[in-house]
Amino acid sequence: MHSLIDKFITGALKAKFITLAATLLVIFAGIIAWRTLPIEAYPELANPQVRVITLVPGKGAEEVERLITIPLEKEINGIPGQTALRSLSLYGLSVVISTFTDNTQTALARQQVLERIHQADLPEGVEPHLEPDVGSLREIYRYYLSSPYYSAMGLRSIQQWELEKLFRQVPGVIGVVSEGGPTKTYQVNLDPSRLRAFDITLEQVFKSIEESNGTTGGGFIEQNGNALIVRELGLLKNEDDIGNVVIKADAQGTVTRVKDVASVVIGPMVRRGQVGKDHQDEVVEGIILLRRGENPSQVLKSLKERLPDIISRLPAGVKLNPLYDRDQLMRQTLGTVGFNIGAGITLVVILLAVFLVDIRSALIAASVIPISMLIAFICLSLLSVPANLLSLGAIDFGILVDSAVVMTENIIRRLSNEGRDMSVQERLLLLTESSREVGGPIVFGIIVIIATFMPIFTFGGVEGKLFRPLAITMVTALVGAGLIALALVPVLCSLFLSKKPLKEKQSPLIVGARKLYEPSLRWSLSHPAMVIVVAILTIGMSMLLFMNLGSEFLPHLEEGNIWLRATVKPGSVTLDESVKVARQVRQVLLKFPEVKQILSQVGGPDDGTDPARFADQEYYVDLLPAKKWRSQFHEDKEKLIKSMRQELETIPGVGYYFTQYIQTTLDEALSGVQGSLVAKIGGSDLAELEKLANQIGHTMAGTPGIVDVIVDPLLGQPQFVIDINRVAAARYGLNEQDLRELVEIAIAGRSATKVIEGERRHDVMVRFAAPYRSTQEALADVLVDTPSGQRIPLSQLASLKQVNGATQIWREAGSRMATIRANVRGRDLATSVSDAQARVTKQIQLPPGYRVQWSGEFQRQKEATHQLAVVLPVTLAVIVTILYLASGTLGGALVIFAVVPLAAIGAVLALHLTGTYFSIAAGVGLIALFGLAVKNGILLVSFVNELRHEGLPVEKAVSQGALTRMRPVLMTATIAAVGLLPAAVSNEIGACRWGVGETKFD
């Protein structure tokens, strides 16, 4: 191994111009790779999912679950590769979510689900459909329409029929969700008294309209040698056409039309939600969805290129206003990352210049940073791994420059000490020897650091998807840094440092450090037992400190916004009442000058892609940069949120949950529910589930550190039940089908046909006018047509009563469940959850058949910790083996490995002093720290062994070796810590504090 390293260094120096040419080629290829490399905010976090959405207007949650959700679950369950099956049943909507293993092709999964749902035993006319093939980070662009001339309904039509079509033509866009604004329909509002007067049944009206809208062809006729195609045009065009549809005609030729028994008007479809912005209660928004697996940067670029053309096609007076642009977050985050990188590199160069007291040497060593990063970009492109903002922002340039520092420092030291009186050729030989002297320690050190990253490649789930790109980036950059340090750095030193005699300049820092270190070293070598005891005690104390640090799953990327989820009580609140509450919330938040704009979403879109009740509200709160906030918040978002919560609590009957826009999708990817901490209670009875959920939610709310507790209600939806009396119905020759159609058409309304206006299609809804279906008395008086021609009041055929029903029904793994969502602030996640679990176990007795499952970030943290506990010992054994190969003796390997617990002392102390919880991200930083510490240990021990081979006694070799290697070890440790300092203290958009893990004691 050592001979190969020596040959590589010697060959690079002999063919220095080839080495320089190869470097230029790498730089050119790296720039191309960087320009074409996909960059995303987060990697795709969720496993492939297929959502089956079924709209069943008019049916309550219980009927939706019984008739739609359960049959679909029965068929979809057990598809190969399936890992989870969840569902939600709401009024008029069923959503079944099937999750698959990460390596499952979504096209295959969707095909399998489609095959299964066609086999489900569903009611006639029910048509399930699949949500577009999107990932967890589905939304890349959001906008709203405004106009002083068009109504909200007109803007909704433009959005639904014009903009959706245009945006879907952008490559990579899989769908567009239209939300807000009423959907245009033609409404036939029947008058029951007129139906009686004209002796017309509801079924006659419905079928007449249904059969009166169509076209046909009559072949062609010949005329003067031309073929004239015969077309019969019978399409309905407007309200007058619908009103003139003939229902019946008697023998005397008297015609009864629709307008004789009903009013025909244009009105809104029954809505599932409403969107507001700032001081407006009604706006129309569009949400552009990214196809799973697409490059978001490229799709956004294509979208921006098409946007001017799309805007030019809007009617005069209609304006498209952007609300959220993922590209803006990425640009801001890249700016933050770029600033941190620039500051880190600058600090590294300054420190190198201070330590080496030579700007040329500092620049030679620092040249490794950009070139190694370009090598990493080339490797990422070859491996088809997109770069993400987390992996780019967490790179420690101090570690990358470490090998070059060791190489440069050794060359300078030997040229200064031994090469003053040599010729140029002799100095080149000495430079070659100096380079070869540290080549082995550099290579083995890099191998050790790469080995420390191996546990990251074993991570599964979200943490694996987050950190594997980081590990790949770091490993490839380290390999590149090593190659540059072994090949390019000696060549550059030969060109700029060997032409003239080199005089080593002593840095004041090194001189001061040596004055402190030398007597300490002598004392330590004279009292080895005491030093070992103190080291063991210090390690023990740091372990105790570590046990009390607290832990969390992951730090969060600062997005520059707040995503606020509000739940209005009671859960049966109407849309109008919920809109009033949303207006109050927006007014309160707009009082904060830190807020740029607010978008509120009450309920969900009409297509069911975002299932929500009227009581469910979401707010996108766009914030100014933190540096522009009022001084009282000290650029701390937690303080801003606390102040907002205090103001919002003046609105009664509303629960709040604060998170961020992208973070909420991460939470849902972790648990299936939008919450960083989620408690799920499984069972069968909804009333018992809700009672247990309220008890557990109350206990969680009383646990220190757990905030924003929201218990998702299951019951509390008032329902008006029409219970058929089958004996009475049979007496009049009626069956359930007859009465079901009456309820569905007369009361709920049903589309009889569609009016086609160019490319737009609008439903023609047939139902009783509002006064005849809006009260219990009116429903009781609805007349039912019988086969004998009699008309019987509905109250004689069924009992009508008001009951309390379900607002929503969650299911997972074939069982009903209740959910409690919460956040953790002011305390670490693991301790807070453990405390809450203990309290729930002590205070709440679960009935037989009921169970509590804690999920979200806590579950992922627990699984990742257990995985690390298995993988880490194996990795440490691999490191010891590498050290044995590097040192040649087991004793030497163990001596070098002893720096690992010593390095942890500084890391634990830094976490404690900065109030940083230990997380998976901090663990990744600790792993990198261990690799760097071991690399310095190799550097020191290998030099001590060389001195011993030269005949020096052990103590003399250790003393001289430690003093000689003090400067490179101090430089690498200091530079590694300072290289991450800008990222550690940043709180701008895109900042992400990974944990202070670079402080160490060797």
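This report describes a nonpolar surface patch, a bent helix and the cysteines of a predicted model.

## A nonpolar patch on the surface

Four residues, Trp-523, Met-530, Val-531 and Val-534, form a nonpolar patch on the surface of the model, and together they have about 350 Å² of accessible area. Helix α20, which covers residues 528-547, supplies the largest share of this patch, namely 3 residues.

Val-531, one of the patch residues, lies in helix α20. With a relative accessible area of 30%, Val-531 is classed as partly exposed, because that class holds the values between the buried limit of under 20% and the exposed limit of over 50%.

## A bend in helix α3

Helix α3 runs through residues 61-76 and bends by about 35 degrees at Thr-69, with a proline, Pro-71, following within four residues. Both Thr-69 and Pro-71 are listed among the buried residues of α3, and that list also includes Ala-61, Val-64, Ile-68, Leu-72 and Ile-76. Charged residue types may catch the eye here as well, since Glu-62, Glu-65, Glu-73 and Glu-75 of α3 are buried too.

Just after α3 comes Gly-78, a residue that takes a positive phi of about 90 degrees.

## Cysteines without disulfides

The structure holds 0 disulfides, although cysteines are present at positions such as Cys-379 and Cys-493. Cys-379 counts as partly exposed, because its relative accessibility is 23%, whereas Cys-493 is buried, because its relative accessible area is 0%. The cut-off that separates these two cases is 20% relative accessible area, under which a residue is called buried.

Methods: Residues are numbered from 1 along each chain as its sequence is written. This is a predicted model: local features need pLDDT of at least 70, side-chain atom pairs count only at pLDDT 80 or more; totals for chains, interfaces and linings use all residues. Side-chain values use heavy atoms; hydrogens and water are left out. Patches are made of residues with over 30% relative accessible area and no salt bridge: like charges are joined within 9 Å, nonpolar side chains (Val, Leu, Ile, Met, Phe, Trp, Tyr) within 5 Å. Accessible areas come from the Shrake-Rupley method with a 1.4 Å probe; for residues, only the protein chains shown count as cover. A salt bridge is a side-chain nitrogen of Lys or Arg within 4 Å of a carboxyl oxygen of Asp or Glu. Helices (H or I, at least four residues) and strands (E, at least two) are DSSP runs, numbered from the N terminus. Buried means under 20% relative accessible area, exposed over 50%, partly exposed in between (1.4 Å probe, protein chains only). The bend at a residue is the angle between axes fitted to the seven residues ending there and the seven starting there. A disulfide is a pair of cysteine sulfur atoms within 2.5 Å.
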